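Q: Please give me a close, unhurried look at the side-chain contacts in this structure, beginning from a single strand. I am new to this, so please explain each term when it comes up.

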Amino acid sequence: MWGENCNGVSLILMIFTFLNILFTALGQSPQLGSARVVFQTNYGDIEFGFYPSVAPKTVEHIYKLVRLGCYNTNHFFRVDHGFVAQVADVGNGRSAPMNEVQKEEAYKTVVGEFSSVKHVRGILSMGRHSDPNSGGSSFSILLGDAPHLDGQYAIFGMVTKGDETLKKLEQLPTRREGIFVMPTERIDILSSYYYDSEMETCEQDKSKLRRRLEASAVEIERQRMKCFP
């Protein structure tokens, strides 16, 4: 009976939930996937990876937005020192208009995939309204530990490079508007790109192997000439 009522999607979600509980029990951070995204800002680059085992639907949505170029010309509308740097919703934050394909994905929302992963510096956490399933395209990069957010906002990734850029953003002048601390000048995401870190490693390994084979060929030829002039 269980097998008849449980489809493949629910089974995958159960596995992801089990992995998340296991990581917490072992005191380990969840495993980053191989995909990497780079935001090129006017203050430097920020690279991040995803936690597909923690928030699979959120990761799929955000990564698709990246691949469609939706974050290009967007900006960080909020920078609260020691707390968060928040990326604006792409529907309102871009300086360039979106095409129809971008709009279709940009206005989607994702279910709130809350987990036991902790909000610490470098974590990526979805923005949302009061509805827990209202996450869209805005997300925050944690600039410090924020335990009061744990279990309330969906964590889906982690910064892998660019902490020096985040430190620059924290030093910029700000103003307060209601609950938000906002930079007085626009922090642009000029462009973005993505790559597979495993493929990069494979290319490096192939390059090393190629050099070793070339060196071996030279040595074999040298020995051949020595022994068989």
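A: The account below begins at one strand, moves on to ring pairs, and ends with charged pairs and one loop residue.

The model is a predicted one, in which local features need pLDDT of at least 70 and side-chain atom pairs count only at pLDDT 80 or more, while totals for chains, interfaces and linings use all residues. Residues are numbered from 1 along each chain as its sequence is written, and side-chain values use heavy atoms, with hydrogens and water left out.

Let us start with E47, which is found in strand β2, residues 44-50; helices (H or I, at least four residues) and strands (E, at least two) are DSSP runs, numbered from the N terminus. E47 is buried and yet has no salt bridge, since the nearest side chain of opposite charge, R36, is 4.1 Å away. Here buried means under 20% relative accessible area, exposed means over 50%, and partly exposed lies in between, with a 1.4 Å probe and protein chains only. As for charge, Lys and Arg count as positive and Asp and Glu as negative, whereas His and the chain ends are not counted. A salt bridge is a side-chain nitrogen of Lys or Arg within 4 Å of a carboxyl oxygen of Asp or Glu.

What E47 does have is a polar contact of 2.9 Å between its side chain and that of Y195; such a contact is a pair of N or O atoms within 3.5 Å, where, within protein, one must be able to donate a hydrogen and the other to accept it, and residues adjacent in sequence count only if both atoms are side-chain atoms. Leaving aside residues up to four places away in sequence, E47 touches R36, V37, V38, V159, T160, K161 and Y195, where contact means heavy atoms within 4.5 Å.

Strand β2 is also approached by T165, a residue of helix α6. T165 counts as buried at 2% relative accessibility, and its side chain reaches the backbone oxygen of D45 at 2.9 Å. Among the residues that T165 touches, again not counting those up to four places away in sequence, are T41, Y43, G44 and I46.

Next come the rings. A pair of aromatic rings is described by the distance of the centres and the angle of the planes. Rings of Phe, Tyr and Trp (its six-membered ring) pair if their centres lie within 6.5 Å, and planes under 30 degrees apart count as stacked, over 60 as edge-to-face and the rest as tilted. By this rule there are 11 aromatic pairs. One of them joins F39 and F48 in an edge-to-face arrangement, 5.2 Å from centre to centre and with 85 degrees between the planes; F39 is buried at 1% relative accessibility, and F48 is buried at 0%. F50 and F156, by contrast, form a stacked pair, with 6.3 Å between centres and 25 degrees between the planes. F50 lies in strand β2 and F156 in strand β7 (residues 155-161), so this pair ties together parts that are 106 residues apart in sequence. F50 counts as buried at 2%, as does F156 at 0%. F39, F48, F50 and F156 belong to one aromatic cluster, which also includes Y63, Y71, F139 and Y194.

Y63 has a further neighbour, for R67 lies over its face at 4.7 Å from the ring centre; a charge sits over a ring if NZ of Lys or CZ of Arg is within 6 Å of the ring centre and within 35 degrees of the ring normal.

Turning to charged pairs, the count comes to 8 salt bridges. K64 and E105 form one of them, their closest N and O atoms being 3.4 Å apart. K64 lies in helix α3 and E105 in helix α5 (residues 100-106), so the pair ties together parts that are 41 residues apart in sequence. K64 is partly exposed at 34%, while E105 is buried at 6%. Another salt bridge, 3.1 Å from N to O, joins E170 and R121. Salt bridges that share partners join R121, D163, K167 and E170 into one network.

Finally, T73 is found in the loop between α3 (56-67) and β3 (75-80). T73 has a positive phi of about 70 degrees although it is not a glycine, and it is partly exposed, with a relative accessible area of 21%.
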